[in-house]
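Grab a pencil and work through the exercises below. Each one sets a task and then walks you to the solution.

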Amino acid sequence: MKKSIIGLAAGISVAALLTGCAAGTDSSTDTGSSASSNAPEGLVNANTFTACIDPEYAPLEYYADSTGGDIIGFDADGIRAVADYWGVETKFEVTSFDGLMPGLQSGKCDVIFGGLYMSEERLQIADAAAVMNAGPAALAAPDLAAKLKEGSDLCGLKVATQAASSNSVSVQKLSDDCVAAGDEPITNTEYPKTAETVLAVINGKSDVLVETNVAAAYMATQNDGLLAVANGVFDPDTTFGVFTPKDGKLSPAIAEALRALYDDGTLAKIAADYNLDASIVDVY
């Protein structure tokens with residue numbers, strides 16, 4: 001048990017729950033970008049690419065030392081790659097997950113490159129360029145995970161999700177389907193941070209946690225013997241997007257940069273660096 005929780009802290013920053021790092025807002029700037037700038041119009045700060053980020057979502061964005069310092073992961077390195085492509089500096093505005101979209105809308109940052117589904121609700125208030133194929137996945141103790149084969153198997157169970165996430169919406173819709181079919185509803189408990197959803201299952205407060213397929217595989221790896229992915233419960237039918245202000249000048253520039261970094265293999269290399277299947281990266 002101790003070993004798995006230590007591994008969890010290293011991967012998704014359980015220690016941040018104690019220090020409050022992601023509960024507020026912090027910022028850091030990477031320097032050393034190329035000398036010549038091809039910065040697009042619309043940046044919040046001239047010659048700086050500013051991203052709102054919640055670094056508690058390994059392997060997409062997390063602290064290298066679990067509690068602070070450098071932010072790494074597929075999304076974090078993708079942000080740096082876009083900044084390098086434009087020849088500008090990188091700045092991270094650290095916030096909680098539910099503060100990402102408000103931060104973008106209030107002008108704190110240029111972009112959310114952070115594991116957000118391109119849902120209809122989000123596309124009504126922000127633009128987005130596709131970056132990765134994704135979808136929800138269910139994790140549970142290995143014995144239970146082996147019994148979960150389809151969505152209806154979650155009926156009557158206690159499920160943990162991250163607050164303000166599309167996964168939570170998916171679970172609620174599934175619960176409604178359970179009731180319509182005459183089954184027991186799903187008891188869905190929302191937590192502010194992904195680390196808390198993992199601990200809820202490990203500590204027995206919830207039976208299952210629902211997270212994106214990308215993060216779920218990492219969580220299972222970090223908690224071998226305690227958590228396993230239940231294959232087939234959900235279909236990977238969603239797309240992660242890179243979000244920019246609605247109808248803003250930056251939106252087409254982001255889409256063009258992502259296509260260039262996809263075509264030259266940069267995004268595939270970053271995916272491989274974090275043990276992600278490069279085939280799920282898709283910007284077209």
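What follows is three exercises, on disulfides, cavities and nonpolar cores.

Before you start: this is a predicted model, where local features need pLDDT of at least 70, side-chain atom pairs count only at pLDDT 80 or more, and totals for chains, interfaces and linings use all residues. Residues are numbered from 1 along each chain as its sequence is written, and side-chain values use heavy atoms, with hydrogens and water left out.

**Exercise 1.** Find the disulfides (cysteine sulfur pairs within 2.5 Å) and work out their handedness.

*Solution.*
- Step 1: Searching the whole structure turns up two disulfides.
- Step 2: Take cysteine 52 and cysteine 109, joined with an S to S distance of 2.1 Å. The S-S torsion here is about -105°, so this disulfide is left-handed. Cysteine 52 sits in strand S2 (residues 48-53) and cysteine 109 in the loop between helix H4 (100-105) and S7, so the bond ties together parts 57 residues apart in sequence.
- Step 3: Now cysteine 155 and cysteine 178, whose sulfur atoms are 2.0 Å apart. With a torsion of about -85°, this disulfide is left-handed. Cysteine 155 is in the loop between helix H6 (142-145) and strand S10 (158-162), and cysteine 178 is in helix H7, 23 residues apart.
- Step 4: Number the bonded cysteines in sequence order and the pairing reads 1-2, 3-4.

**Exercise 2.** Describe the lining of the largest cavity (a set of points on a 1 Å grid over the protein atoms alone where a 1.4 Å probe fits but cannot get out; lining residues have an atom within 4 Å of a point).

*Solution.*
- Step 1: The largest cavity has a volume (the space filled by probe spheres set on the points) of about 80 Å³.
- Step 2: Its lining has 13 residues, with Phe97, Gly115, Ser165, Asn167 and Thr212 nearest the centre.
- Step 3: Strand S7 (111-117), helix H7 (166-180) and strand S12 (208-212) each give two or more residues; S7 gives the most, three. Helices (H or I, at least four residues) and strands (E, at least two) are DSSP runs.

**Exercise 3.** Pick out the nonpolar cores (buried Ala, Val, Leu, Ile, Met, Phe, Trp, Tyr and Cys residues joined through side-chain atoms within 4.5 Å). Buried means under 20% relative accessible area with a 1.4 Å probe, protein chains only.

*Solution.*
- Step 1: The largest core holds 60 residues, of which Phe49, Phe74, Trp86, Met132, Phe240 and Ile254 touch the most other members.
- Step 2: Apart from it lies another core of 18 residues, including Ala145, Leu148, Val159 and Leu174.

Key
On a 1 Å grid over the protein atoms alone, a cavity is a set of points where a 1.4 Å probe fits but cannot get out, and a pocket is an open set with protein on both sides within 12 Å along at least five of seven lines; lining residues have an atom within 4 Å of a point. Buried means under 20% relative accessible area, exposed over 50%, partly exposed in between (1.4 Å probe, protein chains only).
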